[in-house]
Amino acid sequence: METVAVLLAVLLAVAAVAFVARPFLAEPEPEDDRIGSLTPAEQERLRLLERRDRALGALKELEFDHRTGKIADADYEASVGPLRREAAEAMRALEPQTASVPEPVEKVDAPA
Amino acid sequence: MPGLGSAALVVAFGLVLYAALAGGYAAYRGRRRLLDSATNALYASFASVLLAALVLLAALARHDFTFSYVASHTSHELPLGYTLASFWSGQEGSLLLWLLVLTGIGSAAVALNRRLIRTVLPWTVPILGAIASFFALLLVFVASPFATQVAPADGAGMNPSLQNPYMLAHPPLLYLGYVGLTIPFAFAMGALASGRADERWIIATRRWTLASWTFLGFAILLGAKWAYEEVGWGGWYAWDPVENAALMPWLVATAYLHSVMVQEKKNMLRVWNAVLVAGAFCLSLFGTFLTRSGVINSIHSFTQSSIGAWFLGFIAVVAGASTALILYRLPLLRSRTRLESLISREAAFLYNNLFLVAFALTVLWGVIYPLVSEAVRGVAVTVGAPYYDFFGIAFGLPLVLLMGIGPLIAWRRASLRALGRSLLWPAGTAVIVGILLLLGGAGSSPAGLVGYTFASFVLAAIVLEFVRGTRARHALGDGSWFASFTSLVGRNRRRYGGYVVHAAIVLLLVGAVGIGGFGTTREAKLAQGQSLQVGDYTLTYLGSQQERAANSQELRARLAVSRGGDDLGTVLAGKNRYFAEQQTSNEVAIRSDWLRAEDLFVIADQFNPDGSVFVKALVNPLVNLIWLAGLLFVAGSLITLWPDAREQRRLARRFAEEGALARA
Amino acid sequence: MARRRSPARLVIALSVAAALAIFLVYTALAGGTPSLRPSQVAGHDGRVSVAGKVVGQPSGAARSPDGLRFTIRDVEGSATLPVVYRGSVPDLFRTGRDVSVEGSLRNGVFVADKLVTKCPSKYTNKPA
């Protein structure tokens, strides 16, 4: 019984070491060993993407709340303008070529 | 075979230590292959711990009493199910379960987010490795499940209170909850350490956090049901430190789940969220510490087992390191968005957080105050239910109210008029219900009456939400009302799943208030043929009987139940006497009336030599709503958790847009 | 964007202050029932709660006129106190358990009407 246990334990240790060493064994001379990290430009782009998504999400939620009667017409009119501007700004910052803001479709959806 | 188990644990310890150290170096220096190697070490550690777990399971199944653990927690007569479940009924086994779950879901979370980790969250791997190293260290050097001894003739057996089906489910579910909170913690701290200010780690860990929180909440309720049926004093929650140990992280995790929504949508509360997630994790470690260190009995018994000291040390290290990291990254976290109005959904979330955290701190204070008092003043005190009830009501009632108002209020700045209009129907319903209840006699418990009024307010608000949403959806297309309803929920899972969860919490409160504020208790000594009146029920003692089960002698009193002249059958209440453990346990009789959602709870306290029996009977109104709430809670969470194809597509599009960011 | 004084900070500060005040007042006035050790009971006349470890063999029955008789000892010490208890006996009660009883001292015997067993630490290294 004990020899089986010892054998299994040795097998386990060897397998573990092999698995841990695999990345080095698979690529003994890699051309690039750096962890992909973001340049400041890429970080800024990511920030803008999130800002755009947030603005679009807020817009969709405003539409949804208005559709379901939670926000009065007056409040909707007051809020939708600034939110659309914000979304447009965010998209413009990302893609200077984009000319117009897409018409928010009156879908009964809240963002995920 | 114990040698194999020990060896597997040693290998696991080496692997997670490597994952922590090598992973840390790799993250610091930006070395890809080393990070991959550390990640592999984490995966391999799971395999190793799994092997150790299987060794222990096999030993339990074989009743191998050369394992000290098996000998001290099982016996020959113990049924197989409980024998296997004793894996987690003892110190060493439960630590092994912790490590197994940790390496398992840690590996899964890392594997599923490979790309994210490789590019922006390398520190997550060493953090997971470090946490796992602590538990592996304990298992190898302090509390090994594989200690051996000369096999005794029979084992010591299992505490009779643990011998019931709940023992099979409660601890594993609880651990899935506790350990699950490690994932958002590791990812959040990983993001901070890597200097990330973006939200992708939140999106990546959202479902993990939600799932862990659900497991934890459900496990707490399962524990309560266990206490209700097995400990059998008539109540369902005793504010015992062991119970509070799981409640505290759950409360903080609830606060975190809410405020992280504000961070996603408004990019606010980032520092607060970092503090909350670290707090939730530290509390889950603290909870694990409380239930095993013996410190709650007396501050002196703390020194009997060194495990307590290890845990406290580790919690201090985790808390200190998290605080340092948050302070270091404070400039990064500080958001530029400010709270615009005190009447807005952001503000409502903030209030919700304040109340939840305040309540969690209250419970924490209640748990440690006796220890503090004894250490400082030398006077031991006990903090009882009145303390918790007071603050439970003080913080709970506003929280219930917020559950109703929050979803109805707009972001940024809500106009009071619009809010008033939204609240009109629910508030009106609540007032009517309140008056009806008052007329029905609910005024006997003022807090209960207010609680019920608020509860009906929230439930009405939730129903209104569903109605308005379905109506709006129906107006768009021509499906049936049912199709509109299902597509509404299907397309807005987070929102409507959340409403279902809110409804479940409200239901839970209704049940808790029912049993807490409106119950009845009666006790009497009954000779054969005599009756006892409790509430609407009449109990008549018919006689007693004895029976021998696998490992116990069962003594029961048979009582006839009737209500208003209707015969409702008989109930059996009594005691079990366990041979191996030399202990007696109460076996209460619970007769659930599903129509009225109430329980008739019968305890046979004492069997006298002259044939009479001492009976204590309670009527617990609405208690079954608590268990129903548990099921509804899980259902709501499932709706929220369910994979959403449209959301996945949107996220995939977003990741593709990040273009070069998605390399590797 | 000009940074305005955020109302949020004020709200948070006030809430924290209020909460702290409530805690301090509550615990100072009503928080916790003093829990004595068997060695400290002598001389206390009123209603108190005593915590200790059950030693020896309990006798009698809690629902009988004579009650359940047992002895509790200082958890860390040797002072003992005889107890007579009438009421429901919780499951976990047995010799060696830490219990808390509430009642008053009469003629050297502690007459109790409340008995609570602490949830035993399932994980002690010693057998239950």
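Okay, let's start with what I mean by an aromatic pair: rings of Phe, Tyr or Trp, taking the six-membered ring for Trp, pair if their centres lie within 6.5 Å. One thing to keep in mind is that this is a predicted model. Counting over all chains, we get 33 aromatic pairs in it.

Let me show you a couple. You describe a pair of aromatic rings by the distance of the centres and the angle of the planes. Take Tyr228(B) and Trp627(B): the ring centres are 5.7 Å apart and the planes sit at 55 degrees, so we call this pair tilted. What I like here is that the pair links distant parts of the chain. Tyr228(B) belongs to helix 10 of chain B, residues 200-231, while Trp627(B) belongs to helix 21, residues 624-641, and the two are 399 residues apart.

So are these two buried or exposed? Tyr228(B) has 1% relative accessibility, so it counts as buried. Trp627(B) comes out at 12%, and the cut-off for buried is under 20%, so that one counts as buried too. And Trp627(B) has another neighbour: Lys225(B) lies over the face of its ring, 5.4 Å from the ring centre.

Now compare Tyr496(B) and Tyr499(B). Their ring centres are 5.3 Å apart with the planes at 90 degrees, and anything over 60 counts as edge-to-face, so that's what this pair is. Both tyrosines lie in helix 20 of chain B, residues 493-517, and they're three residues apart, about one turn of the helix. Tyr496(B) and Tyr499(B) are both buried.

If you want to see rings gathered together, go to the aromatic cluster in chain B that includes Trp236(B), Tyr237(B), Phe355(B) and Tyr387(B).

Okay, on to how the chains meet. Which two chains share the most contacts? That's chains A and B, out of two pairs of chains in contact. Chain A and chain C have no contact joining them, and their closest C-alpha atoms lie 14 Å apart.

Looking at A and B, 69 residues of chain B are in contact with 51 residues of chain A. Between them these chains bury about 5000 Å², with 54% of that on carbon and sulfur atoms.

There's polar stuff across this interface as well: six salt bridges, and 11 residue pairs in polar contact. On chain B's side, helix 2, residues 32-61, gives the most to the surface touching chain A, with 12 residues. And if you'd like one salt bridge to look up, try Glu61(A) with Lys265(B), at 3.3 Å from N to O.

Key. Residues are numbered from 1 along each chain as its sequence is written. Chains are lettered from A and ligands numbered from 1 in the order in which they are written. This is a predicted model: local features need pLDDT of at least 70, side-chain atom pairs count only at pLDDT 80 or more; totals for chains, interfaces and linings use all residues. Side-chain values use heavy atoms; hydrogens and water are left out. Rings of Phe, Tyr and Trp (its six-membered ring) pair if their centres lie within 6.5 Å; planes under 30 degrees apart count as stacked, over 60 as edge-to-face and the rest as tilted. Helices (H or I, at least four residues) and strands (E, at least two) are DSSP runs, numbered from the N terminus. Buried means under 20% relative accessible area, exposed over 50%, partly exposed in between (1.4 Å probe, protein chains only). A charge sits over a ring if NZ of Lys or CZ of Arg is within 6 Å of the ring centre and within 35 degrees of the ring normal. Contact means heavy atoms within 4.5 Å. Buried area is the accessible area (1.4 Å probe) that two parts lose on being put together, summed over both. A salt bridge is a side-chain nitrogen of Lys or Arg within 4 Å of a carboxyl oxygen of Asp or Glu. A polar contact is a pair of N or O atoms within 3.5 Å; within protein, one must be able to donate a hydrogen and the other to accept it, and residues adjacent in sequence count only if both atoms are side-chain atoms.
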